[in-house]
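Here is a short briefing for a reader who is new to this structure. Take a look at the model, then work through the points by topic.

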Amino acid sequence: MPKLAAARYGKDNIRLYKVEKDEATKTHTVYEMTVCVLLEGDIETSYTQADNSVIVATDSMKNTTYIFAKQNPVHPPEQFASILGTHFIEKYKHIHTAHISVIQHRWTRMTIDGKPHPHSFFRDGQEKRVVQADVIEGKGIEIRSGISDLLVLKSTGSEFHHFVRDEFTTLPDVYDRILSTSVDAGWKWFTFSGLDAVKRDVALFDETWTKAREITFRLFALEESPSVQNTMYKMSEEILAAQPRIQTVDYSLPNKHYFEIDLSWHQGLKNTGKDAEVYAPQSDPNGLIKCTVTR
Ligand SMILES: O=c1[nH]c(=O)c2[nH]c(=O)[nH]c2[nH]1
């Protein structure tokens, strides 16, 4: 006899933009985000018996997201996700968990003639600020904040040697290589008891995002990296030390390879080892190194 083992449903890719207008200074601040709402609860009969009476339409979830964005601050995204998720479990008695994901896209203020422009912005990269908030009835709010798609490269200061060498190995030991990755990093907060607890700590979210980003940049740049594994572990350690309210830090880093090109076949041109200048960036395959570091 088949049985529904797990179920959640909702609206994905809810795109929204909000402008905050400071009338005194005539300065606008803009936010663009992509929201996903997924609900869980006593919804089994909608799957097993075509009982739509337990379904809050995904269209209504989209409407609710727009209305809540109008009536509440959308920044920081941790708070907005918590406000929205709490609404769903409080409004609908048969809904017990709301999973809210927010992806915040970058709009960075332009500088014109040396001055920040009041209403013009540009997209300075594909990096996103991400939040997953799970609002769970009787438990609280679990939040993972993070950074994704932050593309970085260093042209030296990275090594990789003394790894397993056997009959499957062709990679030579390398003492100076290019290191490039697209940073996907996250930090999980100790569970918040509810929306009031999230609101009390609201200042921590921007502060910790800034610190985590700064630590990622600083260690990436300054470390003589012996491996992606060790560098990401050190980043995680520093983020844990910087913010006591975090229980775990995770990184997922693709190793985007840049291959040397031997051009010696052309008039003895030297382009390998210490003479390497022109490389071939590889789109695939790539290494993929992940870790979660806890206290
Ligand atoms: O930093 C690295 N870690 C690895 O596990 C690995 N494997 C590999 O081929 N190159 C690298 N680089």
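**Two cis prolines**

P76 sits in the loop that links α2 (58-71) and α3 (77-91). The peptide bond leading from H75 into P76 is cis, with omega near -5°. A cis bond also joins D284 to P285, with omega near -10°. P285 belongs to the loop between β11 (279-281) and β12 (287-294). The model is predicted. The points below move from the backbone to the whole protein, the ligand and the UniProt records.

**Positive phi angles**

- K26 is not a glycine, yet its phi is positive, about 55°.
- K26 is in the loop between β1 and β2 (27-41).
- Is K26 buried or exposed? K26 is exposed, because its relative accessibility of 56% is over the 50% cut-off.
- H162 is not a glycine either, and has a positive phi of about 65°.
- The loop between β7 and β8 holds H162.
- H162 is exposed too, with a relative accessible area of 65%.

**Overall build**

- The protein has 6 helices and 12 strands.
- Its C-alpha trace spans about 75 × 65 × 40 Å along the principal axes.
- The protein has 295 residues, and 43% of them count as buried.

**The ligand and its surroundings**

- Which residues surround the ligand? They are F160, L171, R177, S227, V228, Q229, N255 and I289.
- By class, this shell has 4 nonpolar, 3 polar and 1 charged residues.
- V228 offers a polar backbone atom, which lies 2.8 Å from an oxygen atom of the ligand.
- Q229 uses its side chain: an N or O atom there is 2.9 Å from a nitrogen atom of the ligand.
- N255 also takes part through its side chain, where an N or O atom is 3.4 Å from a nitrogen atom of the ligand.
- On its own, the ligand has 290 Å² of accessible area, and the protein covers 73% of that.

**R177, a residue of the shell**

- R177 is one of the residues around the ligand.
- R177 lies in the loop between β7 (140-154) and β8 (179-189).
- Its relative accessible area is 17%, so R177 counts as buried, the cut-off being under 20%.

**Binding site in the UniProt record**

- Which positions does UniProt give for "binding site"? The unreviewed entry places this feature at T58, D59, F160, R177, V228, Q229 and N255.
- These positions cover 198 residues of sequence. They are spread in space as well, with up to 51.1 Å between C-alpha atoms.
- V228 and N255, from this list, are included in the lining of the largest cavity.
- Several of the listed residues also surround the ligand in the model, among them F160, R177 and V228.

**Active site in the UniProt record**

- The unreviewed UniProt entry lists K11, T58 and H257 for "active site".
- These residues are spread over 247 residues of sequence. In space they are up to 41.9 Å apart between C-alpha atoms.
- Which of these residues is included in the lining of the largest pocket? That residue is H257.
- K11 is found in strand β1, which runs over residues 9-22.
- K11 is partly exposed, because its relative accessible area of 24% falls between the cut-offs of 20% and 50%.
- T58 appears in the UniProt list for "active site", and also in the one for "binding site".

**A buried polar contact: D250**

- D250 is part of strand β9, residues 246-255.
- The relative accessibility of D250 is 16%, which means that D250 counts as buried.
- The side chain of D250 makes a polar contact with the side chain of R144, at 2.7 Å.

Conventions
Residues numbered from 1 in each chain as written. Predicted model: local features only at pLDDT ≥ 70, side-chain atom pairs only at ≥ 80, totals over all residues. Heavy atoms only, no water. Near = heavy atom within 4 Å. Polar contact = N/O pair within 3.5 Å; in protein donor to acceptor, adjacent residues only side chain to side chain. Areas by Shrake-Rupley, 256 points an atom, 1.4 Å probe, with all protein chains shown as cover. Nonpolar A, V, L, I, M, F, W, Y, C, P; charged D, E, K, R; others polar. UniProt positions renumbered as here; feature names shortened; annotations may be inferred. 1 Å grid on protein atoms, 1.4 Å probe; cavity = no way out; pocket = protein on both sides within 12 Å on 5 of 7 lines; lining within 4 Å. Helix = DSSP H or I, 4+ residues; strand = E, 2+ residues; numbered from the N terminus. Buried < 20%, exposed > 50% of the residue type's maximum accessible area, 1.4 Å probe, protein only.
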